[in-house]
Every structure is written in structure tokens, then in C-alpha cells.
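Q: Hi! I've got a chain open on my screen and would love a quick tour. Can you walk me through it?

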Amino acid sequence: MTTPPPSINISGSSDGGGDDGAASDGGGDDASPSAAPDVPAPDPADYPKMDENTEEGATQAFRYYVAVSMWAHQTGDETLTKGMEIDSCEGCPGFTEDVPKLQDLGRYWSAFKVEDVATTPHASENFEYEIAYSFTIPAHERPNMETGEPEDYDPVEYSLIGGMAWTSQGWKVGGLKGGVGA
């Protein structure tokens, strides 16, 4: 049975935390969405120049943020995602709000690799850059959030805009809007 993906609420106001994180380009073959699959974290080397204070750096850093956010849904590990958000990131908590629920279930999304569709950086009044990023996650399994039983999902298309802020620790996501098919 294929059910539509849950809506990711990333347009609401921040709780001041950026308290959930999940992304993944993790790579690898499909794995059962039961216990966290052994999915390697996205490799920063796959996002060249993300440590540079340039438009390309901001673009690559946002792509990496999305990858580690999906990886968090696959493993329950939010460390990398949270490390890339400023504390007051508006919209960030909603992007990974399911991760604590997945942790409680002890079940996660199956492994997949994020597929880029389009990435467009823009000048911004509020951040150094705003990055428009469209991507697809391929067919995969997720646990039903009520029963924990695995469910099949068709590919899901996302469109996001990330406000990127340059900090002493590199690029951080300061704002996030968009969602499924947005």
C-alpha cells in the first residue's frame, strides 16, 4: 500500500532550537525501516567548497544539510543536522520533526540517495544567500508512525528555500521554507 508522505511543517515559527535533524543522501541499497539501517553519513567531500564563504559554498552547504536531514530519518542521529542550524532557524524544526518519533518507535526510513533536480542561489535581504533546491527521494519504506509497520512510499519531490548565514563555524541554515511538492 502506498500512502502519501506526511506534510513537513517547515513554514512555522521557530521554537528557538532547531531541535530535530534528518537528512540523507546516505547512499546504499534499500534497507528495512525497522532498526536503524547501517547507512553511512553523507560525505562532506561530495559537497565541494561548502566550507568556502562563496555562493557555491552556500549552495553546497545547503545540499549537504538536506542530505544529513534525510540521513537523520534513516538513522535517528540528528547531530549533523542540528550542527548546521542557527539556534533561531525559522522552519528548521519542522523539517525533522518526525525524527524523535522514529527514535521512540526504534524504526527508521530505508536507505536511499537524494536525487538533485535543480539548485538556484539567490541574493537575499535576510541572509547572505537563499538557495532554492528541488530534489527527489526515490521509492523507499518508512514505518507507519502509529503502528511502526513498514509502508512503501513512491518517490517524493521536495522544493525548499534555505536562508544561508556565514558564521565562524561556516555556513549555517538560518531559515527554511517549502516542503513536499511545494
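A: Happy to. One thing up front: this is a predicted model.

Q: Good to know. What does Lys49 have for a phi value?

A: Phi of Lys49 is near 75°, which is positive in a residue other than glycine. Most residues other than glycine have a negative phi.

Q: Where does Lys49 lie?

A: Lys49 sits in the segment before H1.

Q: And is Lys49 buried, exposed or partly exposed?

A: Lys49 counts as partly exposed, because its relative accessibility is 47%, and the partly exposed class runs between 20% and 50%.

Q: Changing topic: how many salt bridges are there?

A: The count comes to two salt bridges. One of them joins the side chains of Arg63 and Asp116, with 2.8 Å from N to O. That pair links distant parts of the chain: Arg63 belongs to helix H1 (residues 55-75) and Asp116 to strand E2 (residues 115-123), and the two are 53 residues apart.

Q: Nice. How accessible are Arg63 and Asp116?

A: Arg63 has a relative accessible area of 16%, so Arg63 is buried. Asp116 is partly exposed, at 41% relative accessibility.

Q: Which residue does Lys101 form a salt bridge with?

A: Lys101 pairs with Asp98, and their closest N and O atoms are 3.8 Å apart. The cut-off for a salt bridge is 4 Å, so this distance falls within it.

Q: What about burial for Lys101 and Asp98?

A: Asp98 is buried, with a relative accessible area of 14%, while Lys101 is partly exposed at 43%.

Q: Back to H1 for a sec. Is Thr75, which has its place in that helix, buried or exposed?

A: Thr75, in helix H1, is buried, because its relative accessible area is 16% and buried means under 20%.

Q: What lies 3.2 Å from a polar atom of the Thr75 side chain?

A: That would be the backbone nitrogen of Asp77.

Q: Last thing: what pLDDT does the chain average?

A: The chain averages a pLDDT of 84, and 79% of the residues score at least 70. Over residues 1-33, though, the pLDDT is below 50. In the model, that stretch has 135 contacts beyond near neighbours in sequence.

Definitions and conventions:
Residues numbered from 1 in each chain as written. Predicted model: local features only at pLDDT ≥ 70, side-chain atom pairs only at ≥ 80, totals over all residues. Heavy atoms only, no water. Helix = DSSP H or I, 4+ residues; strand = E, 2+ residues; numbered from the N terminus. Buried < 20%, exposed > 50% of the residue type's maximum accessible area, 1.4 Å probe, protein only. Polar contact = N/O pair within 3.5 Å; in protein donor to acceptor, adjacent residues only side chain to side chain. pLDDT = per-residue confidence, 0-100. Contact = heavy atoms within 4.5 Å.
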